[in-house]
Amino acid sequence: MQIKSDDTRWGVPAQFFHWTVLLLIIALGALGLYMTGLPLSLWKEQVYLLHKSLGITLLGLVALRLLWRLVDPHPAPPDGLPRWQHRVAQATHAALYLLLLAIPVSGWVFNSASGFPLRWFGLLPLPALAAASKPLAATAREIHETLFWVLVALVAVHAAAALLHHYHHRNHVLRRMLPWGHRRRDPGAAP
Ligand code: HEM
Ligand code: HEM
């Protein structure tokens, strides 16, 4: 099992964080869009609790991922990639990380400003990030929803770029992020 990333592939922890975050975003987006239209009921309360708890889990995972990035080497860009494209990829990754922090934090602020307590999966009480305030709750809710759609758009661009590398440029960019990807460099790359 490869722990650290190198130029041929991303290590197991980096891949685990990357694909778990994707699954969590799909679950959180689906739950979020579904739950707001529910009539008041115990079911609605439970779905909200699940959404918030999964969102806090994602926040923790992103924090761990950022810490891991400090010690994990970054694979080199594929050979022949124009410098500006590498810069755009780096900026996209940074923006994705910012959104992954801002969305759960705005959800947490919304929850606090609405005056609701927060318990991670009903077990661990978490502090309020803000005092109860209707205007703040409305702003945080707006930010939460808007940033979610920005995230959806950016992930679409990011995933499309990965597919373009794989099917058009035929390099190892997607393969090295896949658990079943082969451990090999671009054909024709320097040894
Ligand atoms: C990356 C993590 C998260 C994503 C992608 C996400 C996504 C969403 C989406 C798509 C909605 C529906 C927005 C709407 O149509 O009004 C929503 C609503 C909501 N989210 Fe999140 N969320 C995340 C994390 C959190 C966290 C950590 C909390 C609180 C601790 C939270 C609390 C809420 C609440 C309370 C609502 C309902 C808003 C309302 O009732 O109008 N979310 N979320
Ligand atoms: C179908 C969806 C996705 C595909 C196909 C995909 C593909 C990839 C690939 C191939 C890489 C490696 C790039 C390289 O080696 O230079 C990568 C890196 C990255 N991806 Fe994705 N990705 C997807 C979804 C996401 C999502 C949902 C996020 C976060 C919101 C995300 C955030 C990142 C980040 C931050 C990196 C940089 C490496 C890291 O820090 O982990 N990706 N992605």
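Which elements each supply at least two residues of the lining of the second largest pocket? In this predicted model, the contributors are the helices α1, α2, α3 and α4 together with the strand β1, which spans residues 118–120. Among these elements, α2 provides the largest share of the lining, with 11 residues. The second largest pocket holds about 1,100 Å³ of space. Its lining is made up of 39 residues, and those closest to the centre are M35, Y48, H51, K52 and F110. Sorted by class, the lining of this pocket comprises 21 nonpolar, 12 polar and 6 charged residues.

The second largest pocket is where ligand 1 sits. The shell around this ligand draws two or more residues from each of α1, α2, α3 and α4. As with the pocket lining, where α2 has the largest share, α2 is also the element that gives the most to the shell around ligand 1, here with 6 residues. A total of 21 residues surround ligand 1, and Y48, H51, R141, H144 and F148 come nearest. Y48 and H51 thus appear both among the residues closest to the pocket centre and among those nearest to the ligand.

Three side chains can be followed down to individual atoms of ligand 1. R141 places a side-chain N or O atom 2.5 Å from an oxygen atom of the ligand. For Y48, a polar side-chain atom lies 2.7 Å from a ligand oxygen atom. H144 pairs with another kind of atom: a polar atom of its side chain is 2.8 Å from a nitrogen atom of ligand 1. The shell as a whole contains 12 nonpolar, 6 polar and 3 charged residues.

Attention now turns to ligand 2. The space that ligand 2 takes up is the largest pocket, which has a volume of about 1,300 Å³. Lining this pocket are 43 residues, with H18, A89, H93, L96 and H158 closest to its centre. The helices α1, α2, α3 and α4 each give two or more residues to this lining, and α3 gives the most, with 11 residues. In terms of class, 30 of the lining residues are nonpolar, 10 are polar and 3 are charged.

Around ligand 2 itself there are 20 residues, of which H18, R65, R69, Y97 and H158 come nearest. H18 and H158 are therefore found in both settings, being close to the pocket centre and nearest to the ligand. At least two shell residues come from each of α1 (12–35), α2 (42–71), α3 (83–113) and α4 (134–167). Whereas α3 gives the most to the pocket lining, α4 gives the most to the shell around ligand 2, with 5 residues.

Arginine side chains supply the polar pairs described here for ligand 2. In R69, a side-chain N or O atom is 2.4 Å from an oxygen atom of the ligand. R65 brings a polar side-chain atom to 2.7 Å from a ligand oxygen atom, and for R176 the corresponding distance from a side-chain N or O atom to an oxygen atom of ligand 2 is 2.8 Å. By class, the shell around ligand 2 has 14 nonpolar, 3 polar and 3 charged residues.

Conventions:
Residues are numbered from 1 along each chain as its sequence is written. Chains are lettered from A and ligands numbered from 1 in the order in which they are written. This is a predicted model: local features need pLDDT of at least 70, side-chain atom pairs count only at pLDDT 80 or more; totals for chains, interfaces and linings use all residues. Side-chain values use heavy atoms; hydrogens and water are left out. A residue is near a molecule or strand if one of its heavy atoms lies within 4 Å of it. A polar contact is a pair of N or O atoms within 3.5 Å; within protein, one must be able to donate a hydrogen and the other to accept it, and residues adjacent in sequence count only if both atoms are side-chain atoms. On a 1 Å grid over the protein atoms alone, a cavity is a set of points where a 1.4 Å probe fits but cannot get out, and a pocket is an open set with protein on both sides within 12 Å along at least five of seven lines; lining residues have an atom within 4 Å of a point. A molecule sits in a cavity or pocket if more than half of its atoms lie within 2 Å of its grid points. Helices (H or I, at least four residues) and strands (E, at least two) are DSSP runs, numbered from the N terminus. Ala, Val, Leu, Ile, Met, Phe, Trp, Tyr, Cys and Pro count as nonpolar, Asp, Glu, Lys and Arg as charged, and the others, Gly among them, as polar. Grid points are joined across faces, edges and corners, and a volume is the space filled by probe spheres set on the points.
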